[in-house]
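These are my notes on a structure that I had not examined before. I set down each item in the order in which I looked it up.

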Amino acid sequence: MKDRLTADTSLRPSDFAVVFRQVSPHLALARRVFSEAHLPLDPASGERLTERPFGAWLMRLLRLGTHGWQMRDVAEVLAAGFTNADRWGLRPGHVELLRRVAREHHLWAGLDALRSMRAAVAADLAARPRPDADRWGDAAGAWTGAVEFLALLLDPATERTAGVHAQLLDEALFGAAGFVPASIDQYATLDTEIGALRVALSELRAIDETLGAPPMRFDAFVAILEARIQRPSTLIRTAGGVLLAPMHTLHGLRFAHVYVAGLSEGEFPAPQRAGALLDREAREALHAAGLDLPPEPRAAEDELWQTATTRSEQ
């Protein structure tokens, strides 16, 4: 594509299309490839929130309690750009400093170990006085505040209705001084992904308010929420980019160049294994004779292939 765009300055990225039989399994990889190539991509396909960096971070956050409060996981969550570290005064380098303390004192997992970080830092400073002792103390205090917040929010045994869990999670993440910052440099799709999550949370609240529900553990609520955000619903499109689409969506569209991806000899396009009772000519003859037939149940794969390979002008 880049070679063709360079050779023909009249072409734009939107003059190109890449089609798969199904796009969703390849969407995350396509985003990385096009990002590395500095080409805009316009995927006409839903994307699972859990396949986006924000969604992966969110699920790691929500499972901290279920996974035993691993020091490594808590540190990764707090050090990520999706965490509003200013809420507790965590500064760049604080988490890495505390990781070293945790390794030296074998604070590998468990809330008791995480809560003992302040004592471990104090012991280190008593054994080896440092000129930047205030920085160490600030880091330990900020860590303690963050851990207490997470322990209150993510206790897997806490029982509430799904609607209440959803409401409290929404407020903790996105409310005043929320856990997630309002914006992140170099991550332009954060609003879209936050919007997808909040839609899922609002749906759970609406179901609870309408139908009612018994209390459930927080870990059970997380499983329900994950099932919702696993659905391919997050649409992140770039106007004027290369279209990435499933074949059946190309009817009526024209492009200078179409790339058909996912070809595999003997598998796709699949050979016609059995003929239909009525072929195309027979159906047309019966229709002309006044016999209306129900539509074919689905387009044959050779028709999909025909659609894809006739969308290119060049």
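I began with T158, which I found in the loop between helix 8 (133-154) and strand 3 (159-160). The model is a predicted one, and I read every entry below with that in mind. I then asked which residues T158 is in contact with, leaving aside its neighbours within four places in sequence. The contacts are H165, M216, R217 and F218. For T158 and D124, I noted a separation of 34 residues in sequence and of 35 Å in space, taken from C-alpha to C-alpha.

I turned next to the sheet. I recorded an open sheet of four strands, with the order 2-5-1-6 and parallel pairing. Strand 2 (41-43) and strand 6 (257-260) are its edge strands, as each of them pairs on one side only. From one strand to the next, I noted an average twist of 20°.

Within the sheet, I looked up how strand 1 (residues 16-20) is joined to strand 5 (residues 242-246): the two run parallel and four bridges link them. V19 has A245 of strand 5 opposite it. I also entered the packing of helix 2 on the sheet, where this helix touches strand 1, strand 2 and strand 5. The direction of helix 2 makes about 165° with that of strand 2.

Helix 2 led me to a pocket. The second largest pocket holds about 400 Å³ of space. Its lining consists of 15 residues, and those closest to the pocket centre are R31, S35, R52, T189 and T238. I asked which element gives the most to this lining. Helix 2 (residues 27-36) does, with three residues. Sorting the lining of the second largest pocket by class, I entered eight nonpolar, five polar and two charged residues.

My last entry concerns salt bridges, of which a search of the whole structure finds 18. I looked up the one in which the side chains of R60 and D73 meet, at 2.8 Å from N to O. R60 belongs to helix 3 (residues 53-62) and D73 to helix 4 (residues 71-79), so this pair ties together parts that lie 13 residues apart in sequence.

Note on methods
Residues are numbered from 1 along each chain as its sequence is written. This is a predicted model: local features need pLDDT of at least 70, side-chain atom pairs count only at pLDDT 80 or more; totals for chains, interfaces and linings use all residues. Side-chain values use heavy atoms; hydrogens and water are left out. On a 1 Å grid over the protein atoms alone, a cavity is a set of points where a 1.4 Å probe fits but cannot get out, and a pocket is an open set with protein on both sides within 12 Å along at least five of seven lines; lining residues have an atom within 4 Å of a point. Grid points are joined across faces, edges and corners, and a volume is the space filled by probe spheres set on the points. Ala, Val, Leu, Ile, Met, Phe, Trp, Tyr, Cys and Pro count as nonpolar, Asp, Glu, Lys and Arg as charged, and the others, Gly among them, as polar. Two strands pair if DSSP finds at least two bridges between them. Axes are lines fitted to C-alpha atoms, for helices over the stretch in contact, and angles run from 0 to 180 degrees between N-to-C directions. Contact means heavy atoms within 4.5 Å. A salt bridge is a side-chain nitrogen of Lys or Arg within 4 Å of a carboxyl oxygen of Asp or Glu.
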